[in-house]
Amino acid sequence: MAKITTVQGHIQGNISEASGTFGWLMSGITLATKMIEAKIRHAGLSDTYGAYGAENVQGEQQQKLDVFANQALIDCLERRDSVAALVSEEDERPVMFDRSLDTGKYIIVFDPLDGSSNIDVNVNVGTIFSVHKRMTWGSLEESVLQPGTRQVCAGYVLYGPSTVLVYTTGQGVHSFTLDQTIGAFVLSQEHMKMPEKGNYYSVNESSVASWPPGYESYIAGLRHQGYSARYIGSLVADFHRTLLKGGVFLYPPNKQKAGGKLRLLYEANPLAMIAEQAGGMASSGTGRILEIQPREIHQRTPFMVGSKVEMEAFERAVGA
Ligand code: FBP
């Protein structure tokens, strides 16, 4: 019988933190995302599509699956004693637990269901997570607002034709596929590398007229070199393709969203850590994403990520 490696088994050898505690913490994420996966697979049969009827802190119409995914992650993670606080895209304020420094060591920030505007049309969506170590000084709020360089783990789950979990703890990028027959995420690829150069660019060109100088000519240059366009409109799906095939994904600032649309803590930072660990790069257009000092939990940022060749060309084009 072929030996299989689960996420918890893989963590044992891949983290400098207390692996047992961390493995138990990660099992909260794998359990919740399996619950979300099951709900998504049956969405058309169980009245799970559509709006929930409330707005989240971003001013977005919450989808029923947004609310389900958020609650599943909170329910599973609050039972992990090592969790000191949870920050979700769906909630204005963090959920804080009264746990001592010795016990409550980690902070988890997450986007429970990214790309949720695509759910009803059966397009890939995802869950994104990032783990920070609680600082031994200052308040819990200060521990939540740490730069991306201080992440101890980052990952996402993509709910697509198959369900994959991709994560890093700073020792390479590894991918697991959900094996429905045993209900476990099984290791399917280790030490993934983003190709140095790709053939795709991915951006919503509808706002091209209000991009800052250099962006439009950069994209025109890629088109001139024969790059093809790919844009799903689900960040996790567009990022996963970029990780596997190379190229570049951009969500530039524009007139409506001068600070960008995507959120720093639970969208840009975790994907930037994975990209860099896989040999790629991630920029805000003025600097490295991971070096941004967060000011508030739902802060947005312009987000450009991709292969080394395309990203170095991008930085030259916009003078970053
Ligand atoms: P949420 O669904 O988590 O709010 O994510 C935002 C998002 O849907 C990303 O997944 C995607 O990359 C982007 O917004 C698409 O934005 P736009 O429709 O402006 O191109």
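Two strands are taken to pair if DSSP finds at least two bridges between them. In the predicted model examined here, strand 8 (residues 163-168) and strand 9 (residues 173-179) run antiparallel and are joined by five bridges. Within this pair, Y167 stands opposite H174 in strand 9.

Strands 8 and 9 belong to an open sheet formed by eight strands, whose order is 4-3-5-6-7-8-9-10. The pairing in this eight-stranded sheet is mixed. Its edges are strand 4 (95-96) and strand 10 (184-189), each of which pairs on one side only.

Two helices are associated with this sheet. Helix 6 (residues 235-245) lies across strand 5 (106-114), strand 6 (125-133), strand 7 (151-159), strand 8 and strand 10. The direction of helix 6 is at about 105 degrees to strand 7. Helix 7 (residues 264-277) also packs on the sheet, where it touches strand 5, strand 6, strand 7, strand 8 and strand 9. Relative to strand 7, the direction of helix 7 makes an angle of about 100 degrees.

An open sheet of five strands is also present, with the order 12-11-13-15-14 and mixed pairing. Strand 12 (228-229) and strand 14 (281-283) each have a single partner strand and stand at the edges, so one side of each is left without a neighbour in the sheet. Strand 13 (residues 248-251) and strand 15 (residues 303-306) run antiparallel, with four bridges between them. In this pair, L250 stands opposite M304 in strand 15.

Helix 5 lies across strand 11 (200-202), strand 13 and strand 15 of the five-stranded sheet. Its course is at about 155 degrees to strand 13.

Helix 5 also takes part in a helix-helix contact. Two packed helices are described by the angle between their axes and the distance between the axes. Helix 5 (residues 215-224) packs with helix 8 (residues 308-318) at an angle of about 140 degrees, and the two axes are 9 Å apart. Helix 5 is therefore oblique to helix 8. The crossing of these two helices is right-handed. On the side of helix 5, the contact is made by Y215, Y218 and L222; helix 8 contributes E310, M311, A313, F314, A317 and V318. Of the residues in the contact of helix 5 with helix 8, eight are nonpolar, one is charged and none is polar.

Methods. Residues are numbered from 1 along each chain as its sequence is written. This is a predicted model: local features need pLDDT of at least 70, side-chain atom pairs count only at pLDDT 80 or more; totals for chains, interfaces and linings use all residues. Side-chain values use heavy atoms; hydrogens and water are left out. Axes are lines fitted to C-alpha atoms, for helices over the stretch in contact, and angles run from 0 to 180 degrees between N-to-C directions. Angles under 35 degrees count as roughly parallel, over 145 as roughly antiparallel, 65 to 115 as roughly perpendicular and the rest as oblique. A crossing is left-handed if the near helix is turned anticlockwise from the far one by less than a right angle, and right-handed if clockwise. Contact means heavy atoms within 4.5 Å. Ala, Val, Leu, Ile, Met, Phe, Trp, Tyr, Cys and Pro count as nonpolar, Asp, Glu, Lys and Arg as charged, and the others, Gly among them, as polar.
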